[in-house]
Amino acid sequence: MTQFRLTFLVGLKEGILDPAGQATRNVLQNMGYQADDVRIGKWIQVVVSAKTEDQALTIGQEIGQRLLSNPVMEYFEVTVQAYE
Amino acid sequence: MNNDLSVGIVVFPGSNCDHDTIAAISSLGAKPVVLDYRLHSLPVLDRVILPGGFSYGDYLRSGALAAAAPIMDAVEQAAADGLPVLGICNGFQILCERGLLPGTLLPNPSGEFICQWQAVRVASESPLFTGLDQGRVLRLPIAHHEGSYRVAQGQLAELFERGQIFLQYSDAEGQLHGLTNPNGSVANIAGVQNRNVVGLMPHPERAMAAYLGSRDGWDLLASWLGMGENAVC
Amino acid sequence: MLTYQDVGLSAREDQEIVRLLGRRPNELELGLFGALWSEHCSYKSSKNLLAQLPHQGQFVVQGPGGNAGVVQLSADWDIAFKIESHNHPSFVEPLQGAATGVGGILRDIVAMGARPIAIADILKFGTDEKAPGLLHRVVEGIGAYGNAIGIPNVTGSLGFSAVYDANPLVNVLAVGMRRHGLHVGADGARPESVLILIGQGTGRDGIHGASLLASQDFGAETEEMRPTVQVGDPFMGKLLMEATLAIVDQGLADAVQDLGAAGLTSSTAELAYASSVGVVVDVSKVICREQNMNPYEIMLSETQERMLLSVPKKNLAAVLEILTWYEVPYAEIGRVVAGDFLRVVAESQVLAELPTSVLVGGCPRLPVTHDVWIWDGDQPAALEKTRLELTWGYQVIGHPDCRDRSSVYQRYDSMIGLRTVWGPEHDVAVMHIEKGSPGLCVAVTAPARWAALDSYAGGIGAVAAALSLVATQGAVPLGITDGINAGNPEKSEPHRKMAALIQGIGKAAEIFEVPVTGGNVSLHNETEGQAIWPTAAIGVVARHPNPEQPIADAPPYAGTRILVLNPPGKPDLGGSVLAEILGHPGSYPVLDVGAIQHSLHFLAEIISQAKNVGLLACRAVGIGGLFVAVAKSLITKTPMALGAHLVLAEDADARFVFNEMAGQWVLFVEPDFKPFWDQVFETHGVSVIDIGLVTDSPELMITAGRAITWPLIDLWRAYRKGGVRDVR
């Protein structure tokens, strides 16, 4: 078994209102920045043990779906790299 | 009565303890002056309060968006010039985000909002709070989601040495221990001061009458307004 | 081609539409009908039943039909209040579903021109492994919205049963105050006024099935079903609330309507219908948060935090100035005209035009059924004489329905606003209004088990229980609001149960002379054929004579006499927690409403002179019966120094101690006043019995033949943590 680092980006699906992003965009605009849109999500790292990188990614897809994101309103992306 | 004392109360979008704070300041006989967050300068004032609530919905980080509001430049300048500034709950968070107070307020370890009556002990006498003796225990409400006070490594001893720790969560007898710490704050810290700037998590403006459960907030705010024991009902 | 089935209508309803219009509706029009003739918007299954509830009363300012009922509290203040449900959304997405439920009912109150001052939550959950997680997230959602917008959550009700496993109930009561004499509502729009849509940008949220339709028939391209979850934004809700209240305080709008179910469609149509005017809505003017939204989506979006204002032209500049100040987005989306129609246009092109008398008023309603549900299966064996057992005390007070709620209500801000004299740690909330003014007493109940078998008796019991709570404060009930939750109304049994429940509520309201000023009906709480118990959430608002000094709910010192006011002649465990524990749920008894009404009057009179008759404290008997009422009076005191010794008749048994028949009270009185209370039947015609006294030993002892003793610390543990295993 080898250890792999899974990195998840979890965000609200397109079309789902993001009140925090909207308020942050407005403040950035008030500060003088040309911020046209802000969406806020989560960044999550999980270290897993797996036989291969592919297997680690499969695990990543599974836990992203089952726990780390709320499929009703969120999407996620996962990337994998070797963990030193 | 201190009719001449004017107290600025900064209203950010989403502030929701502003009405309560205005009522509390009025009942103490001082003159509340509502300050809109878009102001770039302050009128002539004797004190400024950043009230509690959910400025900007507490989005991004509690207090972070309000700390970038235009009026905060003026508040920072006035604080530097010696104007007493008090931040309550979200106001405390804003002052920390702005760097006017040391430390930061993290989410409660439970991950949950907590609203309850809480005993707090005056940790050190302060020239900002005349007549409020060290060791005095006050019964005040707390109501927050991010109240876990933390400082950078090694900074705590310094804060104690300089007498910057103002309030600590305690039991009704003023004893400090883990059981009386509602939110995992380091050293049970509920309020800190930095020269003329003070921040506290409890809500004194909600404890202004016995029928509301406590009148200790009256004593605390009267002391901050320099009315000490002379405040009149 | 869109058909009536696609929008959820029946063939009969489709024919009725064609008959009333004299033509076939186009696709957009059919969609508007689908929304407004849905159960959710039209109340077609319940409206005729609800119409039978008593709506009139001395203090009623506005009855049902508006966004909320309004009653008069004092010469200066009116109270707007209503219960709303958000059951289905809370099951799909518990946090956002519950949060938007709070936001929605608060907007109803604001749309009446009232400033919200309190909310209360009435929750029912299942008993399966999913339930704790659902409860946690629902509480998170209610807190997230209420705490952030800054309205205190002052009281609530929480119950559990397996019937709610797949259909949890999330009902929220909101209460607001406005100056007496101020009239604000959806019914004042006048021709020439401008329609302004304010608040959040319109997105595709909450279009439910309609978004699927949109992708089939209106040319949208997406493969997956679009997310339809509505996200609550309490920050925008706060700005919207402040801006709306500023506008109505200055009398700048002639009508206000919040956007809830069916969004712009229902708000524009209902405003037009209530005001007897026509409206023209230009969908091209609506601010959209998403690209390429079609008229159908714009008209049916359920994006939260939006409000519709009708503003006379002369006030327009002032209104826009207020909206700009509060940074609330707005758009002029149409105008009020003479007529009786809703016309939807896109610039100069007319897309739909329907008479509101048909769209809002035309939906065929289910006739009233007099064939109400009565239990006609095997009569469950009534519990015979049952000797009191030690373990039952712990089992009942540790039952999920009786247990301590601090882990829930401490997650809500209950103190903001400086009005909460008594909050959720008490059975009833007491609110301060202003110096010298009467206060407000707020209570909620939802005793679902009572209505499980005999919904009619349960409906009476629910109202009696709510009124019993405010009576402990000597408060005068001004009105009640009912949240009806039931199964599929198209099936006979759930429909007859709902009918029985509503008729029970109506009967009680009539006898107790308290009007029902509005409420909410949530049907189809049914999954795989398993319907919930018909569940009535009852909220009551009452005038508190002396809010700075509530009558205590716990005895002050040892030696205090303990009395029961209006003990039932034939105590019956039907529908009680103990009966459920013993596996004999039984049927809730039909109450002696006359005796209860008499006791309510007596309490109102006696509490106004409590000191003169030595009345020190008072608590209503509710879930868990007399046992829990007495025990809570002892274990919620800090320190737990006072106990009680109850001495009951030799033949008194568990039925006396654990029955949940509403309309009984525990009174704590000064021993010196014993002569007055001994004769109260002769002098006042109410039944009062002396059951013992408060002791300085921290235990609850009951002697009925033999003596049983419950140390308070063990009762407290069971109350806090539940279960009998923890204590013995």
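**Exercise 1. A helix in chain C**

Which residues of α20(C) are buried? Before you start, note that this is a predicted model, in which local features need pLDDT of at least 70, side-chain atom pairs count only at pLDDT 80 or more, and totals for chains, interfaces and linings use all residues. Residues are numbered from 1 along each chain as its sequence is written, chains are lettered from A and ligands numbered from 1 in the order in which they are written, and side-chain values use heavy atoms, with hydrogens and water left out.

*Solution.*
- Step 1: get the terms straight. Helices (H or I, at least four residues) and strands (E, at least two) are DSSP runs, numbered from the N terminus. Buried means under 20% relative accessible area, exposed means over 50%, and partly exposed is in between (1.4 Å probe, protein chains only).
- Step 2: go along the helix. The buried residues are C:Val593, C:Ile596, C:Gln597, C:Ser599, C:Leu600, C:Phe602, C:Leu603, C:Ile606 and C:Ile607.
- Step 3: check the length. The expected span is 1.5 Å times one less than the number of residues. For the 15 residues of α20 (593-607) of chain C that gives 21 Å, and the end C-alpha atoms are 21 Å apart, which agrees.

**Exercise 2. Another helix, same check**

Work out whether α6 of chain C is enclosed or open, and what follows it.

*Solution.*
- Step 1: the 18 residues of α6 (94-111) should span 26 Å, and the end C-alpha atoms are 26 Å apart, so the two agree.
- Step 2: 17 of the 18 residues of α6(C) are buried, so this helix is largely enclosed by the rest of the structure.
- Step 3: after α6(C) comes C:Gly113, with a positive phi near 80°.

**Exercise 3. Two buried residues**

Find what C:Ser90 and C:Arg449 touch.

*Solution.*
- Step 1: C:Ser90 sits in helix α5 (87-92) of chain C, and with a relative accessible area of 1% it is buried.
- Step 2: contact means heavy atoms within 4.5 Å. Skipping neighbours within four places in sequence, C:Ser90 is in contact with C:Gly97, C:Ala98, C:Leu134, C:Val138 and C:Val170.
- Step 3: a polar contact is a pair of N or O atoms within 3.5 Å; within protein, one must be able to donate a hydrogen and the other to accept it, and residues adjacent in sequence count only if both atoms are side-chain atoms. The side chain of C:Ser90 reaches the backbone nitrogen of C:Ala98 at 3.4 Å.
- Step 4: now C:Arg449, in helix α16 (448-451) of chain C. Its relative accessibility is 8%, so C:Arg449 counts as buried.
- Step 5: the side chains of C:Arg449 and C:Asp401 share a polar contact of 2.5 Å. Leaving aside neighbours within four places in sequence, the contacts of C:Arg449 also include C:Phe160, C:His399 and C:Trp533.

**Exercise 4. Where chain C meets chain B**

Describe the interface of chain C and chain B.

*Solution.*
- Step 1: buried area is the accessible area (1.4 Å probe) that two parts lose on being put together, summed over both. Here it is about 2400 Å², with carbon and sulfur atoms giving 59%.
- Step 2: C:Phe235, C:Met415 and C:Leu418 supply 29% of the area that chain C buries against chain B, more than any other three residues.
- Step 3: chain C brings 31 residues to the contact and chain B brings 29 residues.
- Step 4: a salt bridge is a side-chain nitrogen of Lys or Arg within 4 Å of a carboxyl oxygen of Asp or Glu. The rule finds three of them across this interface. One joins B:Arg206 and C:Asp413, whose closest N and O atoms are 2.9 Å apart.
- Step 5: look again at C:Leu418, in the loop between α15 (406-409) and β14 of chain C. Its phi is near 60°, a positive value in a residue other than glycine.

**Exercise 5. Where chain A meets chain B**

How many salt bridges does the rule find across the interface of chain A and chain B?

*Solution.*
- Step 1: the contact involves seven residues of chain A and five residues of chain B.
- Step 2: the two chains bury about 570 Å² between them, 82% of it on carbon and sulfur atoms. In chain A, A:Ala23, A:Thr24 and A:Val27 lose the most area, together 54% of what that side buries.
- Step 3: the rule finds zero salt bridges, and the count of residue pairs in polar contact (both at pLDDT 80 or more) is zero.
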